[in-house]
Amino acid sequence: MSDFHKKKHDIYSSYLIELFARSDYSDAKDSITTNHYEAFAGDINDNSFIQIKCIADDKSIKKIRYRVIGCPYLMASLEWLCENLENKCINDIEKITLIDLMEILKIPSDRRSIILLLEDAVNDIRLQLIKKTT
Amino acid sequence: MIGNNRNRKIYMDGAATMPTDPEVIESMLACLNNKELFANPSSVHASGRDAMHKIEKARDQISTLINANKEDLIFTSGATESNNLAIIGSAKFRANNGKHLITMTTEHKAVSGPFDYLEEEGFEVTRLRPGTDGLLDTKQLKKAIREDTQLVSIMHINNEIGAIQNIFEIASVCEDQGVLFHCDAAQSVGKISIDLKKLPIDLLSISAHKFYGPQGIGALFIKEAHKVKLLPITHGGEQEMWVRPGTLPLHQIIGFGVAAKLAMTRMREDLVLMEDLSNHFFEKIRNLPDIFLNGSDKSRYPGIVNIRAPGVNGESLLLLLEPLCVAQGSACNSKNSEPSHVLRELGLNDHEIQSSIRFSFTRDTTRDDVDFALEKYISAVNQLRKNYPSNINE
């Protein structure tokens, strides 16, 4: 990260900037190509669209990556989400309360729809994984 | 990209505001530090008269820049106030003759706002749409003018895309039809030549900080101002030809005058620089896939380049581009998350609008700055595009 991005930003929190800049779970950096589950959410025409891909066994998510077109809040949220979902037991996915991200990343209330997008995608993935294990 | 170690600020948002010229700053400081000059320019004592002499010198410098009579120029707080005064003041003055007004959909908020207000006050407003190049077809204007049309207001250089309207043709149509013509020239005065002895323009708005002068000062040219075609919109004094009250800010006006004087000598040189920077910019992006210019390339002020990169979110792009100072649209509209109304009028969809970025150069911009900006831009666009969702069933 450049020194400039380490400076306090007056719009975005420093944690958001860190996640945005890091993008360790970006599918472009370390791609998932085969035998994976995936979910999409959002509207590509609204410039707010996400794709979550993961590899899982019967118990847990082994690897999870995202692709996205969206604002820094959405990009940072996905980075946080994947960090918190990787190696997570499938049964524990539900315990992640995404609405807390509003506070954690200081997401403004007019961007609340970001949480709905994440919830849609996570729920989709969770249902696919549960279906597979039952 | 985000790890690029070149972190100096590069300013490419000149359309929002230009850096104040050092000579302008010097003149303003000299004024503020001169106790002999400290006086209200409207006061009749010697110091007041001295201050007024300085005001008149600045008025002369600004009038010379646009080849207008200095008696036809009044000072305001900036182009927003000039636009409000020109549009609301003239519409209300002529309301008994008719209440039809004409403007364009791509005007700055400082023009569209007064028209919205007048509409609520019972005026009828026709808003003409540009072509996909951002330019007005004057046939449209001829068709739109009616018996009861009182005012046409069309900007000279568009602040978002740099499109230069054929203001001579537009002004001539209005003159032929006997309709008052106002032009928001905030982006053009001091940058391209304007000769008000040749252009049949009735009202022209000017902003000092758009051409290296101080913020907070502007002017309105009123053709044959002594005949008074405007009703004041603020009240409480007789300064500025009974149309605009308020104490004149001496140091700002002096700075404004110096900026005008400098523009007279540097305009040609500045324009050559803008053309060179613009050509260099396009040379660099010519072979890049899916990068498009927004607006006209034929009639465009070269200091403003607005491009879009589909597949990229503009807000994320702006963050990756820091410390580069560029814009997603008008600074006066930046608190509004609505997509740019100007780009929408060119026929772009939300996705295309949000992927657009405006680069606007200043006198201080170098080819090296353009190289650095584009290096960052290309890298950021590639980074964001790499992570674009795949296998989408749209």
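Let us begin with strand β12 of chain B, where B:Ser356, B:Arg358 and B:Ser360 point one way, B:Ile357 and B:Phe359 point the other way, and all are buried. Please bear in mind throughout that this is a predicted model. The strand covers residues 356–360, and five of its five residues are buried, so that it is mostly covered. The pattern of directions illustrates a general rule: in a regular strand the side chains alternate between the two faces of the sheet.

Which strand pairs with β12(B)? The partner is strand β10 of chain B, residues 304–308, and the two pair in the antiparallel sense over five bridges. Within this pairing, B:Ile307 has B:Ile357 as its bridge partner in β12(B).

I turn next to strand β7 of chain B, residues 203–207. Five of the five residues of this strand are buried, so β7(B) is largely enclosed by the rest of the structure. Here B:Leu203, B:Ser205 and B:Ser207 point one way, while B:Leu204 and B:Ile206 point the other way.

Strand β7(B) has neighbours that we can name. Strand β6 of chain B, residues 180–184, runs parallel to β7(B) and is joined to it by three bridges; there, B:Cys183 stands opposite B:Leu204. Strand β8 of chain B, residues 218–222, runs antiparallel to β7(B), with five bridges between them. In that pairing, B:Leu203 stands opposite B:Ile222.

We now move to chain A and to a helix. Helix α5 of chain A, residues 113–133, has 21 residues and reaches 30 Å from its first C-alpha to its last, close to the 30 Å expected at 1.5 Å a residue. Which residues of α5(A) are buried? They are A:Ile114, A:Leu117, A:Leu118, A:Ala121, A:Ile125 and A:Leu129. These residues cover an arc of only 95 degrees around the axis, which puts them on the same side of α5(A). The general background is that an α-helix has 3.6 residues a turn, so residues three or four places apart point the same way.

The buried residues of α5(A) are covered by elements of chain A that include β1 (37–43), β2 (48–56) and α3 (72–85). On the face turned away from the buried side, α5(A) carries the exposed residues A:Ser113 and A:Lys131.

My last example is A:Lys63, which lies in strand β3 of chain A, residues 61–69. Why is A:Lys63 classed as partly exposed? It has 16 other C-beta atoms within 10 Å, and a residue counts as buried only from 20 upwards and as exposed at 12 or fewer. Leaving aside neighbours within four places in sequence, A:Lys63 is in contact with A:Ile32, A:Cys54, A:Ile55 and A:Glu86.

Conventions:
Residues numbered from 1 in each chain as written. Chains lettered and ligands numbered in written order. Predicted model: local features only at pLDDT ≥ 70, side-chain atom pairs only at ≥ 80, totals over all residues. Helix = DSSP H or I, 4+ residues; strand = E, 2+ residues; numbered from the N terminus. Pairing = 2+ DSSP bridges. Contact = placed C-beta atoms within 7 Å. Expected span 1.5 Å × (residues − 1). Arc of directions from axis to C-beta.
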